Amino acid sequence: MILSKSIRTCACSIFYFCMNFVRRPPRRIMTDTIKDLWREADAVCFDVDSTVIQEEAIDEVAKFCNKGSEVQKLTSSAMSGKMDFREALSARLQIIKPSLQQIRNFIKDRPFNLTPGIKELVGLLQQKKIPVYLISGGFRGLIGPIAIELSIPLQHIHANKLKFFLNGDYAGFDEKEPTSKNGGKAEVIQMLKEKYGYTKLFMIGDGITDLEASPPADAFIGFGGNVVREEVKSKSKWYIESFQELIDTLQ
């Protein structure tokens, strides 16, 4: 039987549509799959800057030390993946060179603003006995008060450490911390999975370093409630702009 050209063209179109559907299912289906997994999560890891809190901590420290405009451009490059993370971190800190006293004053005078809904979400996860971790390219000393406010154990913080000389001057940062480099968040997550046996671990964050942590994270949820990073949004199977969506899905 000889098929007309129009029928052959139609058949080919249907074939390629079906093949593409198999290779790349619609985002709605992928989102529904992750939502089902979210209801069974056995660990949740949050980025901190522009996710748990509304600010980028290092930018705020820079402003506090009167170095804001110089540092903000480097932060954008680091978060979008345009610059090696450790290189960007080192460059920003070399500009700021925060002393120990400046960090102490900053913590006292400039408390961070929690993102709306995060306290309720963390509380709900804890109520369900789901462990919560904070994995950040920021600094442990700045994240401690945030963890305390959210009742997250301090040992669940995985972040960078600032170093100071005996006189309190800035001396660098601990380069042994995995979160100081590209792929560091993935290293932390892999360690958590191996140590505790998590099989449905979620990473939630706004930046490219968060997206790249899945895998080994079993699923990633992109967050745009404070800042929308287009590459993260386009590559996320589930992208939200409010934590209320996660709360509603869990309840």
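The exercises below, each with a worked solution, concern a predicted model of a protein.

**Exercise 1. Overall make-up**

Determine how many helices and strands the protein has, and what share of its residues is buried.

Solution. Begin with the secondary structure, which comes to 13 helices and 8 strands. Next, turn to burial: of the 251 residues in the protein, 47% are buried. The accessible surface comes to about 13100 Å², and carbon and sulfur atoms hold 53% of that surface. Finally, consider contacts between residues with a separation of 6 or more: 63% of them join residues 24 or more positions apart.

**Exercise 2. The order of the sheet**

State in which order the strands of the open sheet lie, and identify the edge strands.

Solution. The open sheet is formed by 6 strands, and their order is S3-S2-S1-S6-S7-S8, with parallel pairing. The edge strands are S3 (157–160) and S8 (239–240), each of which pairs on one side only.

**Exercise 3. Strand S1 and its two partners**

Describe how S1 pairs with S6 and with S2, and where the side chains of S1 point.

Solution. Take first the side of S6 (residues 201–205), where S1 makes 4 bridges in the parallel sense. Within this pairing, Val44 has Phe202 as its bridge partner. Take next the side of S2 (residues 132–139), where the parallel pairing with S1 runs over 3 bridges. Here Cys45 is bridged to Tyr133, and Phe46 is bridged to Leu134.

The side chains come last. In a regular strand, side chains alternate between the two faces of the sheet. In S1 (residues 43–46), Ala43 and Cys45 point one way, while Val44 and Phe46 point the other way. All four of these residues are buried.

**Exercise 4. The surroundings of Ile118**

Establish whether Ile118 is buried or exposed, and which residues it touches beyond those up to four places away in sequence.

Solution. Locate the residue first: Ile118 belongs to helix H8 (residues 118–127). Its relative accessibility is 0%, and buried means under 20%, so Ile118 counts as buried. Beyond residues up to four places away in sequence, Ile118 touches Phe46, Val52, Leu150 and Phe243. Phe46, one of these, is also a residue of S1. A further step compares sequence with space: Ile118 and Ser242 are 124 residues apart in sequence, and their C-alpha atoms are 9.1 Å apart.

**Exercise 5. Arg229 in its loop**

Find where Arg229 lies, and with which side chain its own side chain makes a polar contact.

Solution. Arg229 is in the loop between strand S7 (219–223) and helix H12 (230–235). The relative accessible area of Arg229 is 16%, which is under the 20% limit, and therefore the residue is buried. The side chain of Arg229 makes a polar contact with that of Glu56, at 3.2 Å.

**Exercise 6. Two serines with positive phi**

Ser50 and Ser151 have positive phi values; decide for each whether it is buried or exposed.

Solution. For Ser50, phi is near 60°, a positive value in a residue other than glycine. Ser50 is placed in helix H3 (residues 48–52). With a relative accessible area of 4%, Ser50 is buried.

For Ser151, phi is likewise near 60°. Ser151 lies in the loop between helix H9 (140–149) and S3. The relative accessibility of Ser151 is 54%, and since exposed means over 50%, this residue counts as exposed.

**Exercise 7. The largest pocket and the cis peptide bonds**

Give the volume of the largest pocket, name the element that gives the most to its lining, and locate the cis peptide bonds at Pro215.

Solution. The volume of the largest pocket is about 200 Å³. It is lined by 12 residues, of which Ile34, Ser214, Ala219, Phe220 and Lys237 are the closest to its centre. Two or more lining residues come from each of helix H2 (27–38) and S7. H2 gives the most, with 4 residues.

Ser214 leads to the last step, as a cis peptide bond joins Ser214 and Pro215, with omega about -5°. Another cis peptide bond joins Pro215 and Pro216, where omega is about 15°. Pro215 is placed in the loop between helix H11 (208–211) and S7, and Pro216 lies in the loop between H11 and S7 as well.

Technical notes
Residues numbered from 1 in each chain as written. Predicted model: local features only at pLDDT ≥ 70, side-chain atom pairs only at ≥ 80, totals over all residues. Heavy atoms only, no water. Buried < 20%, exposed > 50% of the residue type's maximum accessible area, 1.4 Å probe, protein only. Contact = heavy atoms within 4.5 Å. Areas by Shrake-Rupley, 256 points an atom, 1.4 Å probe, with all protein chains shown as cover. Pairing = 2+ DSSP bridges. Polar contact = N/O pair within 3.5 Å; in protein donor to acceptor, adjacent residues only side chain to side chain. 1 Å grid on protein atoms, 1.4 Å probe; cavity = no way out; pocket = protein on both sides within 12 Å on 5 of 7 lines; lining within 4 Å. Points joined across faces, edges and corners; volume = space filled by probe spheres on them.
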